[in-house]
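Visitor: I am new to this structure and would like to be shown around. Could we begin with the terms and then look at the parts one by one?

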Protein chains: 2
Amino acid sequence: MNILYNEEIDGPLSKVDRADLFAELRQAIPDLLILHREEDLRPYECDGLAAYRTMPLLAVLPERVEQVESILRICHARRVPVVARGAGTGLSGGALPLAQGVLLVMARFNRILELNPKGRYARVQPGVRNLAISQAAAPYELYYAPDPSSQIACSIGGNVAENAGGVHCLKYGLTVHNVMKIEVLTMEGERITLGADALDAPGFDLLALFTGSEGMLGIVTEVTVKLLPKPRVARVLMASFDSVEAAGKAVADIIGAGIIPGGLEMMDKLAIQAAEDFIHAGYPVEAEAILLCELDGVELDVAEDIERVRAVLDEAGATAVSLARDEAERALFWAGRKNAFPAVGRMSPDYYCMDGTIPRRHLPKVLRGTAELSEKYGLRVANVFHAGDGNMHPLILFDANEPGALERAEELGGKILELCVAVGGTITGEHGVGREKINQMCVQFNVDELSFFHAVKAAFDEHALLNPGKNIPTLRRCAENGAMRVHQGNMPFPELERF
Amino acid sequence: MNILYNEEIDGPLSKVDRADLFAELRQAIPDLLILHREEDLRPYECDGLAAYRTMPLLAVLPERVEQVESILRICHARRVPVVARGAGTGLSGGALPLAQGVLLVMARFNRILELNPKGRYARVQPGVRNLAISQAAAPYELYYAPDPSSQIACSIGGNVAENAGGVHCLKYGLTVHNVMKIEVLTMEGERITLGADALDAPGFDLLALFTGSEGMLGIVTEVTVKLLPKPRVARVLMASFDSVEAAGKAVADIIGAGIIPGGLEMMDKLAIQAAEDFIHAGYPVEAEAILLCELDGVELDVAEDIERVRAVLDEAGATAVSLARDEAERALFWAGRKNAFPAVGRMSPDYYCMDGTIPRRHLPKVLRGTAELSEKYGLRVANVFHAGDGNMHPLILFDANEPGALERAEELGGKILELCVAVGGTITGEHGVGREKINQMCVQFNVDELSFFHAVKAAFDEHALLNPGKNIPTLRRCAENGAMRVHQGNMPFPELERF
């Protein structure tokens, strides 16, 4: 897939003696579940980005922190790479195994350890599902705010690794804004606590550093998350537009008016049609784009915001605006949006989901550019995304059975991401870099910046054993791809050339 | 002051040849303002924590990024430590100079480079005053949210260094939540960009790592901050209580009811009396404690929240509740709070301002413990603080002319902070660690955790030249203070013993 990728990561492949490693793990941790037969390992060969597949050397499924500690100590001593995996729902290949590495499956750490309604927090193990936290908090009228589309399945440990977002992160923040404290095991098996039970912690903000680090700095063994009171009322407006640019401009206008919706989502014609065919949500199939704008809070405030948003939408040239009549229609409006990906999937044998983030004010420009690229490459692109955050999810439709189609889709995806970077945006919003976007990181960052990433990585994981080949590209990879941005013409860290 | 502190930082002091350094700086940067005479350096010998004073070797006041780059390259080559200083309003001695170091004064970087109302951001130089950003944004009905009490004087560069908060940070977040991007020069003079114009950036979150790092990782040369729309209406409630514990409980109850006030401040009897004598704000001098609760937003929402907060306050046992009648009375209520520190200063020759943060639910317990410690040490303590955040500011009253009084005040302060840590809190909320709380960091963190701080520091500043002796204590300091928490009984990084 990714050109110039070399087995395994970008250095010489170190062969590991599987039988020997198995024997040591078995002896050190007699009750550890270790998978080693091909049929047992098969379900773990990919995560949510199924286009990338690698069979791990071994998969281990510990259920106690002491077991994880022993696994890490053994792998560290043997210099065996370790890839952590939560629920495996990630969309960028962040949990893609290594053929010569151990896959550390944290799924059995699935207990909610403490739920404190008064302190408004929950202390959970990393394998607890995102939605399970909100379900456990529901009796207290509380919930955990970040809500990735995969929330029914994805785990909080994976959310921390990817700094997951969701429909509501414009108003309620990303994972990093909703996590108070984590317990971590380093590659050397040391236990450290990052963050605090209080609002702020002194010293360097290592909690924020770990959040979104894609399993490259340590293994999360416990997470304390904030719980928020459920909004008392939520209502949703749907607006139609006769161009995606006009809808994009309306997004900037709503935020510019000082309104922060609970959710602000956009879909273009292709996505609208796909969703309507699949869900019958009552979407206007003749529209070029729709916006779904949810307002939540207390009754009076929501009522007033609805009127303000209506005025902004009218001013921005909406051709129709409707308010979901009741909770049932609201659920239906959202069902269309939430099922847009599988709906698009029904229109095409394959699709490739991108995840770029741009400054909101450039939405019209980037949507126009994406349409031009779509035409140039001869591949249809559906847009369904978190417009309020400027977090775009172009879905590129293709047929993998057609020779060269996958490569063309990947190239188009790369071009779209480069367009995002060109307007001051980034190559990922909430899906992470993983293996998928490792080459685009060479475009996003210059050599100095990448070198600091490697230096920080080395501070926690000297031998680069945790999830190598993801998130932060080696300088060699960038150089060989010809994409490297050399800043001020020098390599600042000669000693880092090995990366 | 801090026991066991060794000139200069905790290693052997390296003598610098002042004349020689001066000559090199002069030759390399002919138009650089360099201060070297005692009378010129005197104003820079301390920051807002005036109990700690050191004359710097030299002070430099650059006005262009290229000058800063040259200064850093020269100091790096000579291994001369560099302490950055903004407006010098910090309260923890974070900008305290070193006798054998250069003080890098960033005050002349005072231009607002760009103010984009549509993109809702401002791009400013680090020496721009916090309040100046809001003033420049006012014509667009926008403002910059974090508002430390020193906002009229403190600079945004210093705010980033300390991750400054303020009265409104419960609702609007700390500096880290309101900064999008920073330009940084490393100690080696490399320029790097951290963060992005978009909502999220890929790779490790080095922007969050730098925010609050107290000038130990790099020099900030430009800051892009978020601007928020001004709340349309703000009203303030004042409630009286017959015990600090009852007021503390009411704080937890308000937040527990799902209301997020724009500000939620508490003052105890001593603070109330001091403020009332000074400002005549109309405070109830017979009360044991008062709460000031500001609600902001749109008209209807604020009106409803006022009624909800009133109900919670009544339930929590408030002896009186009054709503500021108009904008003038609201300003008066806040004037008492904002001038509480100088007001307490009128009651005592000296006072020592603490800054601990605790989980909100433990407010009653910690307030009771503080009162007991106050009695034990025979020193009066006034409490004025951001109750909603659990960010406490006990003011310890003493007379420095009385032998041993300062030491007793410091010891009492240390005990109060240890009490904060014991309930799961931290030794600083918004004032930073600086020099002042360097010993308490040995209580807050264990050896493993401190070692990772040092490893991260070394990733950016190999020779520990940026602001040494602040924020992160050397392991030797902790060991000699006997306060070191050894985790699992081992020193994880033998090579870090030099720290």
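Guide: One term is needed at the start: contact means heavy atoms within 4.5 Å. Please also keep in mind that this is a predicted model.

Visitor: Understood. What covers the buried residues of helix 9 of chain B?

Guide: The cover of those buried residues includes strand 13 (263-268), strand 14 (289-297), helix 11 (327-338), helix 12 (340-345), strand 18 and strand 20, which belong to chain B.

Visitor: And which residues of helix 9 are the buried ones?

Guide: Helix 9 of chain B spans residues 269-279, and its buried residues are L270(B), A271(B), I272(B), A274(B), A275(B) and E276(B).

Visitor: What follows helix 9 of chain B?

Guide: H280(B) follows helix 9 of chain B, and its phi is positive, near 55°.

Visitor: You mentioned strand 20 as part of the cover. How many of the residues of strand 20 of chain B are buried?

Guide: Strand 20 of chain B runs over residues 394-398, and 5 of its 5 residues are buried, so that the strand is described as mostly covered.

Visitor: Which way do the residues of strand 20 of chain B point?

Guide: P394(B), I396(B) and F398(B) point one way, while L395(B) and L397(B) point the other way. In a regular strand the side chains alternate between the two faces of the sheet.

Visitor: In which sense do strand 16 and strand 20 of chain B pair?

Guide: They pair in the antiparallel sense, over 4 bridges, strand 16 being residues 350-353 of chain B. Within this pairing, D350(B) has F398(B) of strand 20 as its bridge partner. Strand 18 (residues 381-385) of chain B also runs antiparallel to strand 20 of chain B, and 3 bridges join the two. There, V381(B) stands opposite I396(B).

Visitor: Let us change topic. How are chain A and chain B related?

Guide: A turn of 180° and a shift of 0.1 Å along the axis lay chain B on chain A with an RMSD of 0.0 Å. The two copies are thus related as by a two-fold rotation axis.

Visitor: Which residue of chain B comes closest to the rotation axis?

Guide: That residue is D301(B), whose C-alpha comes to 2.5 Å from the axis.

Visitor: How many residues does the contact take from each chain?

Guide: The contact takes 77 residues from chain B and 77 residues from chain A. Chain B and chain A bury about 6,300 Å² between them, with 62% of that area on carbon and sulfur atoms. On the side of chain B, P202(B), F204(B) and F452(B) lose the most area to chain A, together 13% of what that side buries.

Visitor: Why is it said that the copies meet through the same surface?

Guide: The reason is that 100% of the interface residues of chain B are also interface residues in chain A.

Visitor: How many salt bridges are there between chain B and chain A?

Guide: The count between the two chains is 2 salt bridges. A salt bridge joins the side chains of R232(B) and E304(A), at 2.5 Å from N to O.

Visitor: And over all chains, how many salt bridges does a search of the whole structure find?

Guide: The search finds 58 over all chains. One of these is within chain B, where the side chains of R310(B) and E307(B) meet at 3.9 Å, N to O. R310(B) and E307(B) are 3 residues apart in helix 10 (residues 299-315) of chain B, and are therefore separated by about one helical turn. R310(B) counts as partly exposed at 26% relative accessibility, and E307(B) is partly exposed as well, with a relative accessible area of 49%.

Visitor: Which residues do salt bridges that share partners join into one network?

Guide: They join E38(A), R42(A), E45(A) and R53(A). R53(A) forms a salt bridge with E45(A), their closest N and O atoms being 3.0 Å apart.

Visitor: Is E45(A) buried or exposed?

Guide: E45(A) is buried, at a relative accessible area of 10%, whereas R53(A) is partly exposed, at 49%.

Visitor: Finally, which residues of chain A does UniProt list for "domain: FAD-binding PCMH-type"?

Guide: The unreviewed UniProt entry lists residues 52-230 of chain A under that name. In the model, the end C-alpha atoms of residues 52-230 of chain A lie 38 Å apart, and the span is 21% helix and 25% strand.

Note on methods
Residues are numbered from 1 along each chain as its sequence is written. Chains are lettered from A and ligands numbered from 1 in the order in which they are written. This is a predicted model: local features need pLDDT of at least 70, side-chain atom pairs count only at pLDDT 80 or more; totals for chains, interfaces and linings use all residues. Side-chain values use heavy atoms; hydrogens and water are left out. Copies are superposed by least squares on the C-alpha atoms of residues with pLDDT of at least 70 in both. UniProt positions are given in the numbering used here, feature names are shortened, and annotations may be inferred rather than shown by experiment. Buried means under 20% relative accessible area, exposed over 50%, partly exposed in between (1.4 Å probe, protein chains only). Two strands pair if DSSP finds at least two bridges between them. Buried area is the accessible area (1.4 Å probe) that two parts lose on being put together, summed over both. A salt bridge is a side-chain nitrogen of Lys or Arg within 4 Å of a carboxyl oxygen of Asp or Glu.
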